[in-house]
Structures are given as structure tokens and as C-alpha cells.
Amino acid sequence: MSLVETAASAGGAFDSIPIIDLGCASTHEERAALARQIRYACSLSNEPFAVKNHGIPDETIDKIFSAMKAFFSLPVEEKMKLHHRQGAHYRGFEPLLDSNINAANRGDLYEGFVIGWEDLVPKDVDEEKADKSTLVFPNLWPSELPGFRETFINYYHAAFGVGRDLHRLFAVALDLPETYFDDKLKRYPIMRGLHYPPQTGPEDDGIIGIGAHSDFECFTVLWQEPGIQALQILNSENQWINATPIPGTLVINIGDLLSRWTNDIFRSTMHRAINRSGVRRYSIPMFIGANPHVEVEPLPTCVSPERPAKYGTVTSGEYVQKRIHETYQRSLTTSNGMTKA
């Protein structure tokens, strides 16, 4: 059955999120079996999925979890020294209500710390970074927390490894050569450490942890703190399904660029976060995408006379920058962290 035929026979709305075991991926046959599971989840069930045995050591996760708690406990005036609008390209600290991803809401109730690629040990000469098309920009780091930079970078590289492996599995799931996305994969994705304080306002005040949205890039590799329910995913019957945190797993959400590439055979994951647990909640999304100059248009395996292309051609960079600009233009805070009138 072709990919288009598979999508045409998609089933009903999901009510839970499947877990795919990445521990067996050493042979071509094992990777093909994993790709079939991804294909089923994304095209037949139109659902995100979680992965286990992903290869990120527990120690690496524990360290960044502790580092996030230490950073977000700093006084606001210290964190604001690293406000992302002090520099360029959204690296650094995001205060509460700094973004508003859903235009129907009034703001997103989270703090974030945003980084891009950085080598653990800086290199004197890096030919890849000399390529201006990769858009590598400096990160901002707190001086008050020894080891913070190293901890974040170690997790970043481990999560990027998961994303690189998944990109190849997505290619096989889309009836493409395993290496199809290798030269298109964004080498320097964005990663956020997020802190969601307990949400105490009325449910209809237009301010929640983060409003309903789909992510901008190809897919997101998400770690979420175990034991605290906040993430919800919208199914095809417009029901919000809890993505209950499961220790040892990462949630994989499909993003807009992969949805466009697949002609909506793999659909963007509409999701939101509402933290009414009464305690702080932490998560770490890494947004795996395409290099900025890559042109994204429906893939040949995702188009047929019965399913013509739904989208024109757009470069990855222009699409993502447009979405980011829209998100921060709707924010309720100014560059000094004060709430807008």
C-alpha cells in the first residue's frame, strides 16, 4: 500500500500515545520495522508518539533538570540580564508572558531559557560554522551558576542525536532513502528549558501555560518532568488527550514543516500545556528542522492525482522566522520584563 493510500485509510481519533522502542535499530530490518510503527502512528492514527531507549543517559537528564531549577530560582532581575531581546535571534531568557502563541489568548505562563548549537569545547577553526547559511548565533549564559553551560550543552548534543536518528526513520517511513534528509537537517536547532509555575487564575482568563499551537519546525523532541500532568494533545474529534509523562520516554510531536513536506499525511500536532498541579513543572523541547535555505514542498511520495499538492514552495528559514515573529509580537511584556498595558 502506498503512503497516499495509507493516509486515505486513516483510522479514528486516538485516545492515548503509543511508545516506540528505539533500542533495536542496529540493522536495516530493525530500522524498517521502527519506521513502519512511526508511519502507522503519524499517518493512520494521526497521532504523536513517544520513544523509549532513546540513548540520553539518566545522569544527563538529571543534571539539566537540576540546572533548570537553579536558574529559574534566580531573582528576576538577574535572569533579565540574559533576556533574549538583548541580543539576536531569540537566545537567552524568556520571562513570563513574553510570548503569546495562540492569538485567542492573552499570554503564555512560562519562563524559558533558549540556546542553539555550541561545541562543549570551542574550536579555533570550524569550517561548518563558517558557512553563513547555517545561521549560528552566540548563546547567553548565566555567570552565577558554575557548570550550567556544560550541563545544557551536554543534553543538547544528546537530544540532537535522537533527532538525527529520527530524521532517518521518518525518511524510511515516507518511502524515501534513509539518508534523504541528511543534507537538509538543521545542524543547529533551537532548544528550550521551560519552567511552568502553577496556574492559579480562572480557566477562562486567556492565560495558560502555553496556548494551543503546533510547532514550527519538522518535529519536536520533548522531555517532560515525570509525575506532573500538563501537556495535552488535540485529537481528530477535538478532544484534548493528556500526554501523561512516562519516565524514560520522550514525546515526539510532528511540526508544521514536516506536515507541509508530507502534504498533511503526517499532520502537525496541536497541543497545549496547562499546569494546575499546584507545583512547578519543567520540560525541555528541542525543535528539529531543516536548514534555513532548504525549500520545502510536498514530497513526490505524498502526492497523487487523488491527493494533489496542498502547499507551494517555501524555504524553511522564512517560514519559521515568520511564525516566531508573530508569536513574540503578541506578547504581553516589554524587553525589560514589564507587562504591557
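Me: Before we look at any pair, what counts as a salt bridge here?
Reply: A salt bridge is a side-chain nitrogen of Lys or Arg within 4 Å of a carboxyl oxygen of Asp or Glu. Please keep in mind that this is a predicted model.

Me: OK, which residue does Asp182 form a salt bridge with?
Reply: Asp182 pairs with Arg168, and their closest N and O atoms are 2.4 Å apart. Asp182 lies in the loop between helix H5 (148-173) and strand E6 (190-196), while Arg168 lies in helix H5, so the pair ties together parts that are 14 residues apart in sequence.

Me: And are those two buried or exposed?
Reply: Asp182 is partly exposed, with a relative accessible area of 35%, and Arg168 also counts as partly exposed, at 32%.

Me: How many salt bridges are there by this rule?
Reply: The count comes to 14. One of them joins Arg323 and Asp256, whose closest N and O atoms are 2.2 Å apart. Arg323 sits in helix H7 (residues 316-329) and Asp256 in helix H6 (residues 256-261), so this pair links parts that are 67 residues apart in sequence. Arg323 is buried at a relative accessible area of 17%, and Asp256 is buried at 7%.

Me: Switching topic, where does Arg307 lie?
Reply: Arg307 lies in the loop between strand E15 (295-296) and strand E16 (314-315). Arg307 is buried yet has no salt bridge, since the nearest side chain of opposite charge, Asp264, is 5.8 Å away, beyond the 4 Å cut-off.

Me: What does the side chain of Arg307 reach, then?
Reply: The Arg307 side chain reaches the backbone oxygen of Asn263, at 3.2 Å.

Technical notes: Residues are numbered from 1 along each chain as its sequence is written. This is a predicted model: local features need pLDDT of at least 70, side-chain atom pairs count only at pLDDT 80 or more; totals for chains, interfaces and linings use all residues. Side-chain values use heavy atoms; hydrogens and water are left out. Helices (H or I, at least four residues) and strands (E, at least two) are DSSP runs, numbered from the N terminus. Buried means under 20% relative accessible area, exposed over 50%, partly exposed in between (1.4 Å probe, protein chains only). Lys and Arg count as positive and Asp and Glu as negative; His and the chain ends are not counted. A polar contact is a pair of N or O atoms within 3.5 Å; within protein, one must be able to donate a hydrogen and the other to accept it, and residues adjacent in sequence count only if both atoms are side-chain atoms.
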